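Trainee: Could you take me through one part of this model in detail? I would like to look at the sheet and what packs around it.

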Amino acid sequence: MGNEQTLLFILNDAPYGSERSFNGLRLAINLNEQEIKTNIMVFLMSDAVSCALPKQTPGEGYHVQQMLEILLAQGAKVKLCKTCCNARGMSELPLIEGAEIGTLDDLSMWTLQADKVVCF
């Protein structure tokens, strides 16, 4: 089909407790595996900021930290809402490699650059 598509995923839910963040990451990973080239950006807001914390050891099932690391290895960009991190006392905590703290201005720019915005 030709041209690369830029997709912005905005995740809001905690990594566990609901499957919304899991489903968003699952779709993002799958899109990267399609023949049509994609440029994936993931912005974590609200409780989703904890998805990017290292050393997660979920009991069974899916592993959100690992899914984010797969996306980063595929070339995706991952940012966390600074305000949301501050509200949760996470601003000084280490993040998985490749993820970084972002601002509402970053989210605004990504939204304007994206061909599609997908919210979970």
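Mentor: Here is a walk through the sheet, its helices and one residue beside it. Keep in mind that the model is predicted.

Start with the strand order. Five strands make up an open sheet, arranged S4-S3-S2-S1-S5. The pairing is parallel. The edges belong to strand S4 (99-102) and strand S5 (116-119). Each of these has a single partner strand, so one side of each lacks a neighbour in the sheet. On average, neighbouring strands are turned by 25 degrees against each other, direction ignored.

Now take one pair. Strand S2 (residues 38-44) and strand S3 (residues 77-81) run parallel and are joined by four bridges. Within S3, Lys 79 is the residue opposite Phe 43. In general, strands of a sheet pair through backbone hydrogen bonds.

Next, the helices. Helix H2 (residues 64-73) lies across S2, S3 and S4. Its direction is at about 140 degrees to S2. Helix H4 (residues 104-113) lies across S1, S2, S3, S4 and S5. The angle between H4 and S2 is about 150 degrees.

Finally, look at Glu 4. This residue sits in the segment before strand S1 (5-11). Its relative accessibility is 42%, so Glu 4 counts as partly exposed; the band for that label runs from 20% to 50%. Glu 4 and Ile 36 are 32 residues apart in sequence, yet their C-alpha atoms are 6.8 Å apart in space. Beyond its neighbours within four places in sequence, Glu 4 contacts Lys 37, Thr 38, Asn 39 and Asp 115.

Key
Residues numbered from 1 in each chain as written. Predicted model: local features only at pLDDT ≥ 70, side-chain atom pairs only at ≥ 80, totals over all residues. Heavy atoms only, no water. Helix = DSSP H or I, 4+ residues; strand = E, 2+ residues; numbered from the N terminus. Buried < 20%, exposed > 50% of the residue type's maximum accessible area, 1.4 Å probe, protein only. Contact = heavy atoms within 4.5 Å. Pairing = 2+ DSSP bridges. Axes fitted to C-alpha atoms, helices over the stretch in contact; angles between N-to-C directions.
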